[in-house]
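Let's take a walk through a protein model together. Keep the viewer open and turn the picture as you read.

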Amino acid sequence: MTNMYISIILIIAAPLIGGLLYGFERIVKARMQRRIGPPLLQPFYDFFKLADKRKMVVHSAHAFLGIMHFISLWFALAVLLLGGDLILVIFLHLLSSALLILSAYSTRSVFSHLGANRSAISILAYEPVLIIIAVSIFMLTGSFEAGAAFSSNQPLLYKMPLAFVALLLVLPIKLKKSPFDVAEAHQEVTGGVELEFSGIFYEAVYTAKWLDYVFCYTLIFLFAGSNLLLGFALSIFTFIYLNALDNSTARVNYKQMLRFSLGVSFSLAFINLLINSLS
Amino acid sequence: MESYLSGLFFLPLLVSLLLLILPKNLVKPLVIVAAVALSAMSVIAFSNISGAQYITAPDYTNNIVFGLDVLLLCFFGWVAIQRKSLWVGILSVVQLAGLIYLFFNLSHTQSAQLMVDELSGFMFILINVISSIIAIFSLKYIEQEDCSPFRRKYFLSIIFWFIAAMNLVVSADNLEYFFLFFELTTLASYLLISFRKDEVSEKNAVTALWMNQIGGVALLSAIFYIHLNQLGDITFTNLLSNTGQQAILLPLAFISIAALIKGAQMPFSKWLLGAMVAPTPVSALLHSSTMVKIAPFVILRLSPALKDTSLSMVIIGLTAFVFVAAALGALAQDNFKRILAHSTIALLALMIMMAALGTPTTTIAALVLILFHGISKSMLFLNAGILEKVFHMKETSDMDRLSETGPFTAMVMIIGFMSLLLPPFGAFIGKWLSIETLGSFAIESKLLGALTIVAVAFGGAILTLLYFKVIGVLINRSGETDKISFEKTGMIYRATMYMLLGIITFSIFGLPWLLTQYFSPVSEATLQQAATVTSEGWNMLIGSVSLPIVPLAIAFLMLPATLLTAMFIRFKNVDRAKEYMCGEKVNYSFGSFYFSTEVATPWFYSIGIAFFLAMLMVSLL
């Protein structure tokens, strides 16, 4: 029962946690570049500033889909944190990304369209990997439920290290980190799908990114089983890895991203699946 | 049961004759009355079926069947001479020779020729209800077609005897009878595809003809093999009662090959893609409720015998491959109908795979997919017809701003696409059940299972991407007008859309009921093995797979509610901003991404052929 309460608290506090993570990330990233960086609460200051702005929309459908992106992502995260079915979680997450992509398609903005096309390709790059990981977890725990992975005594990491590596390789795509940040590439498509949002409506898309952080780190926790300490260790490792990677690599184009993801990450996850199914 | 079956056969046959001779003003009421009667009859027939019922036809029908077969093959031979197609000619002659030999050497035992069980009933509903709606739609469509008044009646007439033939395909037990109706559907598709009488139509119709005739030859081979090796009656029942014997593997392989050809699996996908040149209701008919659905039906029929054989492994391998290859093919298309056609082939592969796996859960998944795919695809194809006749659009890239010029059509199409693969609709359940059962399958059969999961995961992702790409085009609008007024497309068009929308709405809200009362009994009767659908706490158990009800229900409502609300919602007290254009004042046309599969297509076909040969090889060994 306590687990349930913890989950519910985590779900409610998810945007807060994600915001703090994002703030901290900006500091770490700045320090890596020998800058001081913004204060920890900078994302929240931005949040309040955005709320104050004049309300502008391209059209209502576009703004509404942005809001629904946030809500559906929160819902996907809730199902994950409550230990729900992983296949369902992946589908729900896909849906929420799809809503954002659709919102971009619904405008007549060139950059939104470019960004949406690229985001769609990114989904193709990471979604199969996630499903393979879910199936591997099923083979080890006998259940598709995230709860089974959270409560397994032996951390899944020991049985599926390659899948973990595969996850590390697709996370930058999901979190739009260099070298795989083609979808929002600021210098090329000026933010892509996010471009046409502003003010209070941008708020939804902006905080959805925080939720995505929590979502991704929860996926990391899946690998640690009931061993919380290992979970935190893995998360810290992932955190540093992601930021170091983001700071030290240059953006590749979407074809290279797709090729790498389906060639390397997908193969790794698949080899892991094969090992799991053969042993 | 006999009376229902003869009703389902003779009524459409009668209607098709009447349509040819009655004056023009009686056509419309006749079609509508027949459509209603057929739909009602199929539902009543289904609710009256309990267990397999055998129906013995009178002796003279054997001669009638033989006579019709010969006539049919002579017609094909005539087509071969007229179109100078060597293939059609050879195949017709081979079939004719085989048939005559069989007629004089095969002992016509007194075993029943027809068999109706829950699975046939399930197919009755799909065939009659959906095809009836398509027939009603065709009333208006064919009026706008450039052809003589008689050919218009002739078109409707073919549709009705096609329905009659389909109703008997799914209730034939004797393989000779099955062969006749199988060939009749081939004939119907030939006539429908060549309806427009231009060069491309004729060419594609001939392609469809010879490809499907290979299926006919395969069926005859199966009959020959059973006859020569004295394996008993040439019936499905007999084959199924010998489940587990090595000897029946080869006839099973032949029948499966015939089915997979009808189901347009690679390399035979070409005939279905070519069928696109026909008037759009034909595509709707072939893709949703008739023709291609023979494939998953036959595999389901055979699934108790196929299960765990080397043959079924090859079929699973083939369909896993086709699922991905056809999904990729779909992503390469711009023409709306071609996108739909490729995705039909992909989803058929998924259905056949589920049927071949043969566990209670996968059987339910296959049934769910068959039904929902039928509903959604017919809706989308009929809309393609409306787009073509009312809006004069054929490519998706032309559909830009459809949500402003034709908001109703855009809305219906969005619903159609959502219902194809995504929650809240049944097809999503189908896909989900597949992944979850394949998980168990992979534990049992290792490499193949793992590869199959990869294919489903991958193909599923590609298809989702594809559907969102098209939905993206459909919801595109400028912010200049806020007003939405539904366009006028005509009474019949609108009415058929409402019917299909009604069926879809019913299926969403009735899904729990449908699962327990509709899909589960059919699956149980097909496999002779209980397929339990129960609820346990907050979970719904379908066989071994448990579905969480609450998150599913929320997800069920969220997506359609979101997309529909997005079409109509208008925020108050907001200002409108122009899109960011980097300061440019150029009119852009919006493209999308495509993958080119032209280079890969010959490879796809070769791999497909290899799989088909492998089906025969593993059965021989």
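**A walk through chain B and its partner**

Let's begin at one residue, B:I352. Setting aside its neighbours within four places in sequence, B:I352 is in contact with B:L260, B:G263, B:A295, B:P296, B:I299, B:I315 and B:T319. Keep in mind as you look that this is a predicted model.

B:I352 also belongs to a bigger group. The largest nonpolar core has 328 residues, and B:I352 is among the members that touch the most others, together with A:A134, B:L219, B:F323, B:A327 and B:I414. Which helix gives this core its largest share? That is helix α19 of chain B, residues 426–475, with 23 residues.

Now zoom out to the whole of chain B. You can find 23 helices and six strands in chain B. Its radius of gyration is 24 Å, close to the 25 Å that the globule rule gives for 621 residues, so chain B is as compact as a globular protein of that length. Along the principal axes, the C-alpha trace of chain B spans about 85 × 60 × 50 Å. Of the 621 residues in chain B, 57% are buried. Contacts in chain B also link distant parts of the sequence: of those with a separation of 6 or more, 81% are between residues 24 or more positions apart.

Next, find one helix with a kink to it. Helix α21 of chain B, residues 511–527, bends by about 35° at B:S520, and a proline, B:P521, follows within four residues. The bending residue B:S520 is itself one of the buried residues of α21(B), and others include B:L511, B:L515, B:Y518 and B:F519. Just after α21(B) comes B:Q528, which has a positive phi, near 55°.

Finally, turn to the place where the two chains meet. Here 52 residues of chain B are in contact with 58 residues of chain A. On the chain B side, α19, α22 (549–568) and β6 (575–576) each supply at least two residues. The helix α19(B) gives the most to this side, with 22 residues. What kinds of residue make up the side of chain B that touches chain A? They divide into 33 nonpolar, 11 polar and eight charged.

Strands join the two chains as well. Strand β1 of chain A, residues 56–57, pairs with β6(B) in the parallel sense over two bridges. To see this pairing up close, look for A:V57, which stands opposite B:R576 in β6(B).

Note on methods:
Residues numbered from 1 in each chain as written. Chains lettered and ligands numbered in written order. Predicted model: local features only at pLDDT ≥ 70, side-chain atom pairs only at ≥ 80, totals over all residues. Bend = angle between axes of the 7 residues up to and from the residue. Buried ≥ 20, exposed ≤ 12 C-beta atoms within 10 Å, placed from the backbone. Core = buried A, V, L, I, M, F, W, Y, C linked by C-beta atoms within 7 Å. Contact = placed C-beta atoms within 7 Å. Rg over C-alpha atoms; globule rule 2.2 N^0.38 Å. Nonpolar A, V, L, I, M, F, W, Y, C, P; charged D, E, K, R; others polar. Pairing = 2+ DSSP bridges.
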